[in-house]
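Visitor: Hi, could you walk me through this one? I'd like to start with the overall layout and then poke at some details.

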Amino acid sequence: MATTVNGKDGKGPPSAATNLIAGGGAGMMEALACHPLDTIKVRMQLSRRARQPGAPKRGFIKTGAEIIKRETPLGLYKGLGAVLTGIVPKMAIRFTSFETYKQMLASDTGIVSGQATFLAGLSAGVTEAVAVVTPMEVIKIRLQAQHHSMADPLDIPKYRNAAHACYTVVKEEGVGALYRGVSLTALRQGSNQAVNFTAYTYFKKWLQEYQGGYEEGGKNLPSWQTTIIGLVSGAMGPLSNAPIDTIKTRLQKMPAEEGVSALQRITKIAGEMFKQEGFHAFYKGITPRIMRVAPGQAVTFTVYEFLKEKLEKSGPVMITGKYEE
């Protein structure tokens, strides 16, 4: 299935301003709704305990309950400040770069193939990883990895908040520490968005053609349909790259070792995980990650489509170029 450059309604792609507002609003809603699951996922990925034969699994519910018990419910929101700081530019870059790459990859006749959509999503994921996501995740993970109680004023953590964590990491480890794991983050984000945007585009196009009446008016699908296809497409990414995400989390939590390259650290982490904890260690946190990413993408696409439609109807049309999905 392919999309075309010029839609029947003549609409162009959303402008950077539209993506900034619609994407940023969607990202903030997604972060507020799903951050606790991300904290649980990170704690599970950082856990180095190997499960003994016959011992029960330490699942995401137990992990979440322990965080609440020891650190209060606020502990589930550790690192949220870092996420909210980067979420607006992250989403603006994601949607704007995706539309830009699709336009670049369109054929001379204006056709955007499935392969082009996949490559555009891959490129958009890599772009956001390098520009925003990697520094944001390093700070977020450092905050999430702290086991202090946020209700005890005497329990002072090393990193007090996102700004303090950023300052401390740069002071102690250098600016380069903010980009620790950038290759794995780019690989994860690239594969995530390649699968996510491709699946979403196919599902959306199929529903529009099946139901009819969407091409001519340029109408959006009903919100409940956008939510469902966003949920399904969002679940596909984590299933395809869980080991990458687990290794990345452990790498970004660790300080750098002098004289040891990033590839050597990645190889060492992967080798120790397999030797000490078994193959299942690479999929630690997969349940909360799917529970966080899939609904997160559902919220993101639903809010983005809603806000984009409202912005395009109110006032001057903010479009760039002639490209139409």
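Guide: Happy to; we'll go from the fold to helix packing and then to aromatic rings. Keep in mind that this is a predicted model.

Visitor: Good to know. How many helices and strands are in the chain?

Guide: The chain has 9 helices and 2 strands. Along the sequence they come in the pattern β-α-α-α-β-α-α-α-α-α-α.

Visitor: And what share of the residues counts as buried?

Guide: 51% of the 325 residues in the chain.

Visitor: What about contacts between residues 24 or more positions apart?

Guide: Among contacts in the chain with a separation of 6 or more, those residues account for 82%.

Visitor: Let's talk helix packing. At what angle do H1 and H9 cross?

Guide: At roughly 170 degrees, with the axes of H1 and helix H9 (residues 286-313) coming within 8 Å. An angle over 145 degrees counts as roughly antiparallel, so H1 is roughly antiparallel to H9.

Visitor: Which kinds of residues make up the contact of H1 with H9?

Guide: There are 16 nonpolar, 6 polar and 6 charged residues in the contact of H1 with H9.

Visitor: Can you pick one residue in H1 for me?

Guide: Sure, take leucine 20, which sits in helix H1 (residues 16-46).

Visitor: Is leucine 20 buried, partly exposed or exposed?

Guide: Leucine 20 has a relative accessibility of 43%, so this residue counts as partly exposed.

Visitor: What does leucine 20 touch, apart from its neighbours within four places in sequence?

Guide: With those neighbours left aside, leucine 20 is in contact with Val88 and Ala92. Lysine 90 is worth a look too: leucine 20 and lysine 90 are 70 residues apart in sequence, and their C-alpha atoms are 9.1 Å apart in space.

Visitor: Okay, on to H3 and H6. How are H3 and H6 oriented to each other?

Guide: The axes of helix H3 (residues 80-105) and helix H6 (residues 182-211) cross at roughly 60 degrees and come within 12 Å. H3 and H6 are therefore oblique to each other. The crossing of H3 past H6 is right-handed.

Visitor: Which residues in H3 and H6 meet there?

Guide: From H3 there are Lys90, Arg94, Phe95 and Phe98, and they meet Gln189, Gln193, Phe197 and Thr201 in H6. By type, the contact of H3 with H6 divides into 3 nonpolar, 3 polar and 2 charged residues.

Visitor: I see some Phe residues in that list. Which residues form the aromatic cluster?

Guide: One aromatic cluster is formed by Phe95, Phe98, Phe197, Tyr200, Phe301 and Tyr304.

Visitor: And how many aromatic pairs does a search of the whole structure find?

Guide: The search finds 9 aromatic pairs. One of them is tryptophan 206 with tyrosine 210, a stacked pair at 5.2 Å centre to centre with 10 degrees between the planes.

Visitor: Where do tryptophan 206 and tyrosine 210 lie?

Guide: Both are in helix H6, 4 residues apart, which is about one turn of the helix. Tryptophan 206 is partly exposed at 47% relative accessibility, while tyrosine 210 is exposed with a relative accessible area of 63%.

Visitor: Got a tilted pair to show me as well?

Guide: Yes, phenylalanine 279 and tyrosine 283 form a tilted aromatic pair, 5.8 Å centre to centre and 50 degrees between the planes. Phenylalanine 279 is exposed, with a relative accessible area of 54%, and tyrosine 283 is partly exposed at 33%.

Notes. Residues are numbered from 1 along each chain as its sequence is written. This is a predicted model: local features need pLDDT of at least 70, side-chain atom pairs count only at pLDDT 80 or more; totals for chains, interfaces and linings use all residues. Side-chain values use heavy atoms; hydrogens and water are left out. Axes are lines fitted to C-alpha atoms, for helices over the stretch in contact, and angles run from 0 to 180 degrees between N-to-C directions. Angles under 35 degrees count as roughly parallel, over 145 as roughly antiparallel, 65 to 115 as roughly perpendicular and the rest as oblique. A crossing is left-handed if the near helix is turned anticlockwise from the far one by less than a right angle, and right-handed if clockwise. Contact means heavy atoms within 4.5 Å. Ala, Val, Leu, Ile, Met, Phe, Trp, Tyr, Cys and Pro count as nonpolar, Asp, Glu, Lys and Arg as charged, and the others, Gly among them, as polar. Rings of Phe, Tyr and Trp (its six-membered ring) pair if their centres lie within 6.5 Å; planes under 30 degrees apart count as stacked, over 60 as edge-to-face and the rest as tilted. Buried means under 20% relative accessible area, exposed over 50%, partly exposed in between (1.4 Å probe, protein chains only).
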